[in-house]
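Here are some notes for a colleague opening this structure for the first time. Please read them with the model in view.

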Amino acid sequence: MADYSLPQGSLFLGFDSSTQSLKATVLDANLNIVAQEIVNFDSELPHYKTKDGVYRDPSVNGRIVSPTIMWVEALDLILQRLKSELDFSKIIAVSGSGQQHGSVYWKRGSSGILSSLDPKKPLVDQLGDAFSVKESPIWMDSSTTEQCKAIEKGVGGAMELSNLTGSRAHERYTGPQIRRIYETQPEAYQDTERISLVSSFMASLLIGSYACIDHTDGAGMNLMDIKERAWSKKALEVTAPGLEEKLGKLAPAYAVAGLIASYFLERYQFDKNCLIVQWSGDNPNSLAGLTLNSPGDLAISLGTSDTVFGITTEHKACLEGHVFPNPVDVKGYMVMLCYKNGSLTREDIRNKCADKSWDVFNTFLQQSEPLNGGKLGFYYKDHEIIPPLPVGFHRYVLENFNGLTLEGVKECEVAEFDAPSEVRALVEGQFLSMRAHAERFGMPSPPKRIIATGGASANNSILSSIASIFGCNVYKVQSSDSASMGAALRAAHGWLCDKNGNFVPISSMYMDKLEMTSLNCKLAAPAGDQQLVSKYALLMKKRVEIENRLVEKLDLVPQSIFDAVHYFGGKQLQFCCKYGLTQFLEGINYNFPLQTLAFHNCTNKIYDSSCA
């Protein structure tokens, strides 16, 4: 029988290089947390003058970047702190999590610098001139709309790109970002020797050479053939010339990237046999850290961005949401929806309406009644991903709403709410939207359970709202930082796979003993009563109607019948289309009966005849 035990006395280190901070979690051989550390970029590296870990470029609409060298300096700083708590020689494997989609551009000749780092000097002093692009585009960036359109057109449309890579083109995805660098900074692109993701960049620092991009994070680039787990020639060609050479090879998430570099042996006294396991994206690492292994479960991560994700056994092309290879299952996939307006938007409303106090915020949330008296809000501090709406706040009061029927209900747009109603409108609005889009994406409804993570998962008032809206129990794990914990778990898993010479199921490490580890989930908020869940379903339906009108009103309707039918679900669409009925009929792989749709050439309208 195979031995899946971990060496007693050994430690496993996981990092999370996120938008606002670098975090670390250390697990022992029993998968219990023995140490955690964090470096906050704004407060602890103030000389970079970031706000929320980023620069918002006032001269280029939607351009949001981070100084690459800041991440380098943070790595030395967090290791210095951990060294006072741990014997680094006991760490036998390290892995990590990086904010997805962010990219790093290594200057020609930088591989030589990386392989000959002087342990007597900090990393920041040696790598300052190693990058052809000094500021890394990150997931919050929305400046690449034209590049997205060009890439989709080049591969044959948005659905074709989704079928090929797991997602249609998104502004934050790495492929469009690379194309924009190539178009706007051609000399920098020409001078680029290697392009890394944040995840493979941090792994590269640790092994002293360029690390591969892993399959899971590679799927967040619009460049990888998701079924073949290989770079797509078609996607590469329409993105930028000579790109495959700059990207290097792909690798499974459980593979070993290399041994730890001599810099860390001498400076921090790591063991020379310490393995660096492939880093991956933050959401994939959270999936691992939450031990999400049932298709009926969902996870909600409440961080700078909010995400909802689950697992599936097959890839289905879609125009909303994302599909990635499962980082801990060589055959499966993870599915995800991402919302840009997460914790920063909640903090904004807290600061404006609740005296900058979470206690006041929670009191308002508890004082106001569920359903908020029919008050609905749409709050976008940044350009949103789902739905694709620009910066702006929109508030509505539903007159005659009783939670039983939408007959006779009229919405009236208003300028403001009272403070308690504003807080509830924000929270309910975020999770009504999440439930609506998750259901449309095909995620389980209701889920068997939800596991919450991220900073806001410590807020039980928010978790109670999630339980009431989704109609299921909400659980959470010991640590709200599931990304670095998942990375530490994946470090142990990678070590175990390397020891056995092949992939082993990650569950083999905690089978029958999960409750004795830091991975164990505990109930945080029970499901709401079913009558309330039904009323929220009705409120959600009305919210979707208003959302669709906002998208049309703000001239953000999809540019083809394919996109529109998928986005709006085929319900009562009206927009000026650019394609004819023949082209529409070719796109019949949608989740509603095609025969119920009618196309009016005279009015350029699509509607669902079953609703007429």
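1. Start with R543. Its charged end sits over the ring of F378. The distance to the centre of that ring is 3.9 Å. Keep in mind that this is a predicted model.

2. K246 is another residue to look at. Its charged end lies over the ring of Y189, and 4.8 Å separates it from the ring centre.

3. Now the aromatic rings. The structure holds 15 aromatic pairs. One of them joins F88 and Y268, with ring centres 6.2 Å apart. Their planes meet at 45°. An angle between 30 and 60 degrees is neither stacked nor edge-to-face, so the pair counts as tilted.

4. Where do F88 and Y268 lie in the chain? F88 is in the loop between helix 2 (68–83) and strand 6 (91–98). Y268 belongs to helix 13 (residues 262–268). The two are 180 residues apart, and the pair links distant parts of the chain. Both F88 and Y268 are buried.

5. Ring pairs also build a cluster. Its members are W71, W106, F131, F201 and Y210.

6. Next, the cysteines. How many disulfides does a search of the whole structure find? The count is zero. Take C472. The closest cysteine sulfur to its own is in C521, 13 Å away. A disulfide needs the two sulfurs within 2.5 Å, so the gap from C472 to C521 is too far for a bond.

7. C497 is in no disulfide either. Its nearest cysteine sulfur is that of C274, at 16 Å.

8. Are C472 and C497 buried or exposed? C472 has a relative accessible area of 3%. C497 also has a value of 3%. Buried means under 20%, so C472 is buried, and so is C497.

9. Last, T304. This residue is found in the loop between strand 18 (297–302) and strand 19 (306–312). Is T304 buried or exposed? Its relative accessibility is 13%, so T304 counts as buried.

10. Which residues touch T304, leaving aside neighbours within four places in sequence? T304 is in contact with T19, Q20 and W139. The list continues with K340, G342, S343 and L344. E244 makes a useful reference point. T304 and E244 are 60 residues apart along the chain, and their C-alpha atoms are separated by 31 Å.

Terms used. Residues are numbered from 1 along each chain as its sequence is written. This is a predicted model: local features need pLDDT of at least 70, side-chain atom pairs count only at pLDDT 80 or more; totals for chains, interfaces and linings use all residues. Side-chain values use heavy atoms; hydrogens and water are left out. Buried means under 20% relative accessible area, exposed over 50%, partly exposed in between (1.4 Å probe, protein chains only). Rings of Phe, Tyr and Trp (its six-membered ring) pair if their centres lie within 6.5 Å; planes under 30 degrees apart count as stacked, over 60 as edge-to-face and the rest as tilted. Helices (H or I, at least four residues) and strands (E, at least two) are DSSP runs, numbered from the N terminus. A charge sits over a ring if NZ of Lys or CZ of Arg is within 6 Å of the ring centre and within 35 degrees of the ring normal. Contact means heavy atoms within 4.5 Å.
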